Amino acid sequence: MTHILRIDASARPAASGNDEGSYSRSLANHVISQLQARYPNATTVHRDLAAAPIPHIGDTTIKGYYTPPDAMTDTLRAATALSDKLIGEIETADILVISVPIYNFSVPSAFKAWIDQIVRIGRTFAYEDGQFRGLVAGKKAIVTLSYGAGGYGDGGPLQTYDFMRPYVEMILNFIGISDVTFFSIEATTADPATIAQNETATLQAIDSFIANQEAA
């Protein structure tokens, strides 16, 4: 059975019809529907970082990250309990579907809070002999990104302004997830015809990609 973990980071609900909304979520909706058609018995865990924000880590949480298991106190276990749960969701998943919009040229703070809970020494990465090593193996990630302006793609005039995609890819690679596929929509603040054209192209790319995945 295929297990899917969906993470949504946009502060807005999915775009619908002529209503403005989150295009990254809309793309993720399509990814999920196509995956469920491809893997009819798949289970999905959905974590909406806007509806249920992840708290920022504090001093006690950080101390818990670096405390050996046999030295953990009740206070430290409580401070790292959410991290344990979030990492467990990743460990259980076969496929991660992550939707992220660009906010001020990088990821939303809600998504960064999730990252700080799941990038954890001894759990999702190791540091040995001066080298980092990811501990989360055998997962696939499908990431949907949205950009308000156009020109962020390869060779575009805003490519150097995009700190979102390279950061998301690096973080996933860092914890051991090397099989990462991105689908993006740009110019979501353009005229309706441009948006529709861009969205259709991305949806078609998603369909083609998932159709070529190994069947359940």
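**Notebook: salt bridges, sheet, patch**

I started in helix α5, where D116 and K112 both sit, four residues apart, about one turn of the helix. Note to self: this is a predicted model. The side chains of these two meet in a salt bridge, 2.8 Å from N to O. I checked how open the pair is: D116 has 22% relative accessibility, so it counts as partly exposed. K112 comes out at 32%, so it is partly exposed as well. Next I looked for shared partners and found one network of salt bridges joining R6, D8, R25 and D48.

**Entry: more charged pairs**

How many salt bridges does a search of the whole structure find? I got eleven. Opposite charges on side chains can pair when the charged atoms come close. I looked up R6 with D8 and found a salt bridge, the closest N and O atoms being 2.9 Å apart. Are R6 and D8 buried or exposed? Both are buried.

Then I went to R123 and E91, which form a salt bridge with their closest N and O atoms 3.5 Å apart. This one links distant parts of the chain: R123 is in the loop between α5 and β4, E91 is in helix α4, and 32 residues separate them. R123 has a relative accessible area of 25%, so I logged it as partly exposed. E91 has 41%, which puts it in the partly exposed class too, under the 50% that exposed would need.

**Entry: the sheet**

I traced the strand order next. Five strands make an open sheet, β2-β1-β3-β6-β7, with parallel pairing. Which strands are at the edges? They are β2 (43-48) and β7 (179-185), each of which pairs on one side only. From one strand to the next the twist averages 15°.

I zoomed in on β1 (residues 3-8), which pairs with β3 in the parallel sense over five bridges. I4 has I95 in β3 as its bridge partner. Then I asked what packs on the sheet. Helix α4 (residues 81-92) does, touching β1, β2 and β3, and its direction makes about 145° with that of β2. Helix α6 (residues 165-174) also packs on the sheet, touching β3, β6 (140-146) and β7, at about 160° to the direction of β7.

**Entry: hairpin**

Strands β4 (residues 125-128) and β5 (residues 131-134) caught my eye: they pair in the antiparallel sense over four bridges. E128 stands opposite Q131 in β5. The two strands form a hairpin with two residues between them, and D129 in the turn has a positive phi of about 55°.

**Entry: N173**

Back to helix α6, where N173 is found. I noted a relative accessible area of 35%, so N173 is partly exposed. What does N173 contact, leaving aside its neighbours within four places in sequence? I found S178 and V180. I also took the C-alpha distance from N173 to G134: 7.3 Å in space, with their positions 39 residues apart in sequence.

**Entry: nonpolar patch**

Last job was the surface. F105, Y161 and F163 form a nonpolar patch there, and together they have about 320 Å² of accessible area. I placed F105 in the loop between β3 (95-101) and α5 (109-118). At 35% relative accessibility, F105 counts as partly exposed. That clears the cut-off for patch residues, because they need over 30%.

Terms used
Residues are numbered from 1 along each chain as its sequence is written. This is a predicted model: local features need pLDDT of at least 70, side-chain atom pairs count only at pLDDT 80 or more; totals for chains, interfaces and linings use all residues. Side-chain values use heavy atoms; hydrogens and water are left out. Patches are made of residues with over 30% relative accessible area and no salt bridge: like charges are joined within 9 Å, nonpolar side chains (Val, Leu, Ile, Met, Phe, Trp, Tyr) within 5 Å. Accessible areas come from the Shrake-Rupley method with a 1.4 Å probe; for residues, only the protein chains shown count as cover. A salt bridge is a side-chain nitrogen of Lys or Arg within 4 Å of a carboxyl oxygen of Asp or Glu. Buried means under 20% relative accessible area, exposed over 50%, partly exposed in between (1.4 Å probe, protein chains only). Two strands pair if DSSP finds at least two bridges between them. Axes are lines fitted to C-alpha atoms, for helices over the stretch in contact, and angles run from 0 to 180 degrees between N-to-C directions. Contact means heavy atoms within 4.5 Å.
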